[in-house]
Amino acid sequence: MAEQLITEKGKALDFTVIKRKRKSVQSMEVGDEDACSEKRPSFPPAAHRLDSEGSASVEFRRVPVSPHRFTPLKENWMKIFTPIVEQLKLQIRLNLKNKSVELRSSKATVNQSAMQKAVDFLNAFMLGFDVEDALALVRLDDLFTDSFEITDIKPLKGEHLSRAIGRVAGSGGKTKFTIENVTKTRIVLADSKVHILGSYQNIRLARNVISSLVLGSPPSKVYGQMRAIASRSREQL
């Protein structure tokens with residue numbers, strides 16, 4: 001499009017108006033997405049960590065040992081040593097200086113979860129569970145340990161706390177054994193602390209029963225609840 005401009009001296013100058021082409025908003029958005037996709041990094045799948053020699057890196061864990069568990073640990077050392085070395089293919093030693101059990105992976109270790117299973121097994125033993133019960137954590141995948149204090153359910157002190165612990169244990173441990181058999185769990189009473197070993201649903205059932213006893217429910221009523229739970233579980237099977 002040509003136009004004329006008349007100057008002060010009366011001369012006419014011809015010039016052409018040029019219009020710029022504006023990019024549409026949609027094209028700009030597409031261009032931004034392409035630029036972002038080009039800048040986005042792409043990583044290969046995660047693999048085992050390798051050291052300088054090209055072999056799998058060594059994994060090391062340490063499990064502390066409380067003073068009152070040293071004697072049971074020494075008495076059951078072979079029962080603990082055998083499954084960790086033969087089944088999980090890990091290296092283990094008892095460090096008396098640091099008062100801990102040290103675990104280390106080796107070239108024969110194949111299972112990636114072997115180290116975590118060994119740590120869970122040792123932690124369960126340190127909490128007070130028997131070796132045979134804690135060994136289930138190595139063989140099965142859906143077992144866990146849960147710990148809580150009786151004062152978390154109800155703030156009790158002195159004789160009230162002692163009576164609550166007595167209601168959970170029962171005379172000669174009868175109530176505790178009944179809860180274990182019905183809910184298919186293992187329970188350890190350590191002063192005001194309660195440790196439960198089992199599957200997620202069974203731990204929840206055992207915890208509900210223990211909470212009822214701590215809150216003051218009579219054992220006869222709790223036994224009735226547990227009988228109903230046992231009958232429902234048999235119907236499901």
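This report describes how helix α3 sits against helix α4 and against a three-stranded sheet in a predicted model.

**The helix pair**

Helix α3 covers residues 77–87 and helix α4 covers residues 114–127. Their axes come within 11 Å and cross at roughly 170°. Angles over 145 degrees count as roughly antiparallel, so α3 is roughly antiparallel to α4. On the α3 side, the contact is made by I80, P83 and I84, which meet A118, F121, L122 and F125 of α4. By class, this contact has seven nonpolar residues, with no polar and no charged ones.

**The sheet**

The sheet is open and has three strands in the order β3-β5-β4, with antiparallel pairing. Because β3 and β4 stand at the edges and have a single partner strand each, one side of each lacks a neighbour in the sheet. On average, neighbouring strands are turned by 20° against each other, direction ignored.

| Strand | Residues |
|---|---|
| β3 | 60–64 |
| β4 | 90–95 |
| β5 | 100–105 |

The antiparallel strands β4 and β5 are joined by six bridges. Within this pair, I92 stands opposite L103 of β5.

**Helix on sheet**

Helix α3 also packs on the sheet, where it touches β4 and β5. The direction of α3 makes about 150° with that of β4. Helix α3 therefore takes part in two sets of contacts: one with α4, to which it is roughly antiparallel, and one with strands β4 and β5 of the sheet.

Key: Residues are numbered from 1 along each chain as its sequence is written. This is a predicted model: local features need pLDDT of at least 70, side-chain atom pairs count only at pLDDT 80 or more; totals for chains, interfaces and linings use all residues. Side-chain values use heavy atoms; hydrogens and water are left out. Axes are lines fitted to C-alpha atoms, for helices over the stretch in contact, and angles run from 0 to 180 degrees between N-to-C directions. Helices (H or I, at least four residues) and strands (E, at least two) are DSSP runs, numbered from the N terminus. Angles under 35 degrees count as roughly parallel, over 145 as roughly antiparallel, 65 to 115 as roughly perpendicular and the rest as oblique. Contact means heavy atoms within 4.5 Å. Ala, Val, Leu, Ile, Met, Phe, Trp, Tyr, Cys and Pro count as nonpolar, Asp, Glu, Lys and Arg as charged, and the others, Gly among them, as polar. Two strands pair if DSSP finds at least two bridges between them.
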